[in-house]
Amino acid sequence: MIRNLRELWQYRALLWNLTQRELKARYRGSALGFLWTFVNPLLLMAVYGLVFGVIQRNNIPHYTYFVFVGLLPWLWFSSSVGSGASTISDRRDLLTKVRFPAQVLPTTVVATNLVNYLLSLPLMVGLGGLVGIWPDVHALAFPVVLLVQLVFTLGVTFVISALNVRFRDLQHIVANVLTLWFFVTPVLYIPNAVPEPYRRLYLISNPMAVIITSYQGIFYEHRWPHPRALVIVALGSVVLLAIAAQVFERRREEFAELV
Amino acid sequence: MSTSDAIVLTGVSKSFRKSTIRREHTTLKSELVRWLKRQKRPEAPTSIIPALRNVSLSVPRGKTFGLVGRNGSGKSTLLKLVTGIYAPTRGTVEVHGRISALLELGAGFHPDFSGRENIYVNGIILGMSRREIRARLEEIIEFSELGDFIDEPVRTYSSGMYARLAFAVATHVDPEILLIDEILSVGDEHFARKSAAKMEEFRKAGRTILLVTHDLVTLQRRCDQAAWLDAGEVKVSGSPVDVVAAYRAAVAEAELAAMEQHVPRAPVPVQPRSGPPAEPGRRWGSFEAELSGVEIHGRDGPQHVFSADAPFRLLAGYRRYGPVEGPQLELSLRTDGGTLVWSTTERLPESEAATLTLEMPRLGLGDGNYLVDLSLGNANGALYDVHRGLHGFAVRAQDSSGLLAPVHTWSIDPKAD
């Protein structure tokens, strides 16, 4: 894993350049340009707000803002994993022609979506301001949660992008699993809505649940993330990333031959 | 490990699994089933395709090394092994020095971005740092001769412009070892010359170059050493002149062999009554009629070396042994490299025997070795007696080169001022 990350560091200029390009390319030539970054989550928020805040009325106050707080990091995760799956298998042009560490590719996807997330944070804060919820001292924990999610997302993306080179079915499986995963993660509801006997299992088995509720704690409820749960997820994510780097390393030689 | 060598390959083999080549992807299901049954992955020996077999090569530091070979002989695989894109199945690949590979131009180019933006990404992929690129940006743009187009999206470029930009970036990487896969023939004449000059500059600067090419002239002119790869093995390695000679000979042989497959051949037992015996590729036919006593004469008798201005005469005897219909003789003159210089067909009389003489008052050929092929047959495709590569002569002309030495005069009038 150390070697893997060190190579990433050596190629940080490439990583940065590809990320920049990815961000620019996404909206180049469109009239709204970068504003599209905000349109997608806003639209999703509006739909969920309408369905679960108005039609299927629930008793979570400032529901739309609540959804937005959880939705943004979830989109970071799901877009990274979703488009990260094919990131290596799609880059035949690069992999078979030049030598460079392949882990740059999935990392670029994660980094691009991270930048998207960070850029939409001011929008989230502004939206919170509208309903009178401003970030307070609890925002200090935000970088920690962000880092945990980064490690976790990188781990998942590494494994899937590496395995997808041989098993092309994976990218389709992943797309569907992500949809299911979204609904078992407390973005649209609070974990307390899960029946008591299952709640613990629910939180343990889904790292994203812990991460999302941590964000909601920071920005919505103004409380610190659950320390023990977060530490467990953090450690688990580091282990996952280590294993992912290992899997990646072992598969790497076949990339150029299989893509 | 010798430090005077930039690249050392020791007993390198590389095989591809056939499924890889046919792109039959293992599915998740099959892999799961296999795992559940705890079987080893089935690997029939037939499913392995060797691309390189036990290749040992060393490229000395500061030299230009050329690789030739037919398509599919493993040249590109070898370059990819040196680059590190592939890992060798067996053997070791050592590379001493910063390497830059020009296996394909424009790696990572994004069509929607301007030439300028693409220089950065492409440059970084090829191993330059941002600072290096910034320092050389103007130089690269100037070399590419794109002018104002540099700020237009790459998708609007013509293929020549695209290649020029890519080549400009690639040659400004300034590596210690440069790998090139036949891309020197990029763009128009003018740019090709510029690229060649750039290569020369690399050479002079003491860089190591490993070059894959089909152009034997380039190989002889630019390389210090060369190797010829065939079916994944090094056939000949050494001076470019030797390698090119061996390669040329093999190609000519292969072409001849391919040609022969189309020539209907009489069953081998039929032998001519006179002259050299029937031999596949040299003499064949039904021998219902034969050519005999074929001789090449100069002014005063048999001769084998001519000057361009000398008279030339070919003599042959003709005799038929059965009824033949409309016999004719086709005579072809070709160089020893196989290039056809001249071919002519002459009808022969219906008589039983004849003496044939071809007269050329002045030979008029350029310096080189020539072969006279004779084919006795008829217009319906019958072949009675074919002589190929049996009769030859040489022309020695010091003051000219080329195939032809036409009759000519110079008139040069010095002008008084």
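**Exercise 1.** Determine how many of the 8 residues of strand β16 (residues 353-360) of chain B are buried.

*Solution.* Take strands as DSSP runs of E with at least two residues, and helices as runs of H or I with at least four, numbered from the N terminus. Count a residue as buried if 20 or more other C-beta atoms, placed from the backbone, lie within 10 Å of its own, as exposed if 12 or fewer do, and as partly exposed in between. The number buried in β16(B) is 0, so the strand lies largely in the open.

The model is predicted; local features need pLDDT of at least 70, side-chain atom pairs count only at pLDDT 80 or more, and totals for chains, interfaces and linings use all residues. Residues are numbered from 1 along each chain as its sequence is written, with chains lettered from A and ligands numbered from 1 in the order in which they are written.

**Exercise 2.** Place β16(B) in its sheet.

*Solution.* Strands pair if DSSP finds at least two bridges between them. β13 (residues 312-320) of chain B and β16(B) are joined by 8 bridges in the antiparallel sense. Across this pairing, B:Leu314 faces B:Leu358, and B:Arg319 faces B:Ala353. The open sheet has 3 strands, ordered β11-β13-β16, with antiparallel pairing. β11 (289-297) and β16 of chain B are at the edges with a single partner strand each, so one side of each has no neighbour in the sheet.

**Exercise 3.** State how many residues each chain brings to the contact between chains A and B.

*Solution.* Contact requires C-beta atoms, placed from the backbone, within 7 Å. Chain A brings 24 residues and chain B 27 residues. On the side of chain A, α2(A) gives the most, with 6 residues.

Definitions and conventions. Contact = placed C-beta atoms within 7 Å.
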